[in-house]
Amino acid sequence: APITSSREEFDEIPMVVGIFSAFGLVFTVSLFAWICCQRKSSKTNKTPPYKFVHVLKGVDIYPENLSSKKKFGADDNTEAKNKPVVPKPALHLDLEKRDLNGNFPKANLKAGSPSDIENLTPKPFSEREQKESTSPDSLKSSSSLCSVEKQDKLGTLFFSLEYNFEKKAFVVNIKEARGLPAMDEQSMTSDPYIKMTILPEKKHKVKTRVLRKTLDPAFDETFTFYGIPYSQIQDLVLHFIILSFDRFSRDDIIGEVLIPLSGIELVDGRMLMNREIIKRNVRKSSGRGELLISLCYQSTTNTLTVVVLKARHLPKADVSGLSDPYVKVNLYHAKKRISKKKTHVKKCTPNAVFNELFVFDIPCEGLEEISVEFLVLDSDRGSRNEVIGRLILGASAEGTGGEHWKEICEYPRRQIAKWHMLCDG
């Protein structure tokens, strides 16, 4: 009798365990589903961190669209129908009317009002005016003026600006450039592309693709910068640099465009703008700066100690006046580089203090065939580091470089420091 009662109690235990496990499974599944829903809702409601979106020819490579109501080039026709026709100097581009090369056809003159026709029709000249206009002196002066204007004009850049308040995003659309000069003398064309920087922080750097063999490139590329509040837009400056790609050497700089946003209101929506491209001559007026170098030649160990101490009066790398300099040291033996070193980057200063020491082993006795090259560069994450200035110390160097080298050869084991002017890189 007692054995049968204990068996009945053990038979009830699996049933209770099964019920509790079923309730536990249902609870865990429901809890997991609730957590997933909460995460999804928090992601949709939360404003995204700072990042930028690149749209190429109307195709958004980022999964999140800015707005379904406003898109570049999509609702221009509908907006034009609803709004009254008012003559504006703004640019209007129809992306569907481009040819196979991506260029826009020249606009044809349409029949306007009678007043417009009267303004366009030339007035008859008097006989005296006709003689003066056809004189050889006037022809020479007009031809010289046209040639000067062609040399001075570097083209026009067309772009648009917009601010999306829902996403806290600043949108820049680089549409096209017209009338660029030919940087390749053989083909009389250029391979243009554009770099854009948001100043003064110089953090947000983007660039367009390269368009081959054209003087009127149509980029139509959109760059969206998230996380920029509208209150800071007035303090920003847009810096466009128009370049021509060169496969075998450094890219040619065509010109630049500087757009301060202090007086531009983006509350009403997208603004279409155009600016003339000006020549970039930032560094020619300010020189290349100076570099303080200390050298010591150890004849017993056959080593050369190089100390990069300071740099002063460095030119500004861009319009903001902020450069991030560092020094690259190259050791040459018989015009062949055998060693290289570089200092740390000093942020946002024209007068950098490095105080960094480098020791080079000399492969030969004496310093007759040895030379040291110093390159001062501006650190740039978004593109190639640009050379600010260059200095060469050696037996064949001219000026202070040759004098400094002669002193360390005459007085070994002595640390000798001198300031040197930097030359073009």
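In this predicted model, G289 makes contact with R312, H313, L314, P315, H420, M421 and L422, once its neighbours within four places in sequence are set aside. The residue sits in the loop between β10 (271-276) and β11. With a relative accessibility of 7%, G289 counts as buried, because the cut-off for that label is under 20%. One of its contacts, H313, is 24 residues further off along the chain, yet the two C-alpha atoms are separated by just 4.6 Å.

Strand β11 itself (residues 290-298) carries C296. That cysteine is buried too, at a relative accessible area of 4%. Leaving out residues up to four places away in sequence, C296 touches T303, L304 and T305, and also R413, R414 and Q415. As for V359, it is 63 residues from C296 in sequence, while the C-alpha to C-alpha distance comes out at 9.5 Å.

Stepping back to the whole chain, the secondary structure adds up to 6 helices and 18 strands. Of the 425 residues, 36% are buried. Among contacts with a separation of 6 or more, 66% are between residues 24 or more positions apart. The exposed area of the chain is about 27600 Å², and carbon and sulfur atoms supply 55% of that.

Part of that surface deserves its own mention. F27, L31, W34 and I35 make a nonpolar surface patch of about 420 Å². F27 belongs to helix α1, which spans residues 2-45. At 55% relative accessibility F27 counts as exposed, since the label applies to values over 50%. On the annotation side, an unreviewed UniProt entry lists residues 15-37 as "transmembrane region". In the model, that span is 100% helix and 0% strand, and its end C-alpha atoms lie 34 Å apart.

Turning to the aromatic side chains, the structure holds 4 aromatic pairs. For F159 and F240, the ring centres are 5.2 Å apart and the planes meet at 35 degrees, so this pair counts as tilted. It also links distant parts of the chain: F159 is in strand β3 (residues 156-164) and F240 in strand β8 (residues 237-244), 81 residues apart. Both F159 and F240 are buried. Elsewhere, Y163, F165 and Y230 come together as one aromatic cluster.

What about charged side chains? A search of the whole structure turns up 6 salt bridges. One of them joins E176 and R178, whose side chains meet at 2.8 Å, N to O. The two partners sit in rather unlike surroundings as far as accessibility goes: E176 is buried, with a relative accessible area of 2%, whereas R178 is partly exposed at 35%.

Another salt bridge pairs D191 with R212, the closest N and O atoms being 3.7 Å apart. D191 lies in the loop between β4 (169-178) and β5 (192-199), and R212 in the loop between β6 (205-207) and β7 (218-226), so the pair ties together parts that are 21 residues apart in sequence. Here again a buried acid meets a partly exposed base: D191 has 16% relative accessibility and counts as buried, while R212 has 48% and counts as partly exposed. That last value stays on the partly exposed side because the exposed label needs over 50%.

Towards the end of the chain, K418 and E407 form a salt bridge as well, with their side chains meeting at 2.9 Å, N to O. K418 is in strand β18 (residues 416-421) and E407 in helix α6 (residues 400-410), so this pair ties a strand to a helix across 11 residues of sequence. Both partners are partly exposed: K418 has a relative accessible area of 23%, and E407 comes in at 26%. Strand β18, by its residue range of 416-421, also takes in H420 and M421, which are among the contacts of G289.

How values were computed: Residues are numbered from 1 along each chain as its sequence is written. This is a predicted model: local features need pLDDT of at least 70, side-chain atom pairs count only at pLDDT 80 or more; totals for chains, interfaces and linings use all residues. Side-chain values use heavy atoms; hydrogens and water are left out. Helices (H or I, at least four residues) and strands (E, at least two) are DSSP runs, numbered from the N terminus. Buried means under 20% relative accessible area, exposed over 50%, partly exposed in between (1.4 Å probe, protein chains only). Contact means heavy atoms within 4.5 Å. Accessible areas come from the Shrake-Rupley method with a 1.4 Å probe; for residues, only the protein chains shown count as cover. Patches are made of residues with over 30% relative accessible area and no salt bridge: like charges are joined within 9 Å, nonpolar side chains (Val, Leu, Ile, Met, Phe, Trp, Tyr) within 5 Å. A salt bridge is a side-chain nitrogen of Lys or Arg within 4 Å of a carboxyl oxygen of Asp or Glu. UniProt positions are given in the numbering used here, feature names are shortened, and annotations may be inferred rather than shown by experiment. Rings of Phe, Tyr and Trp (its six-membered ring) pair if their centres lie within 6.5 Å; planes under 30 degrees apart count as stacked, over 60 as edge-to-face and the rest as tilted.
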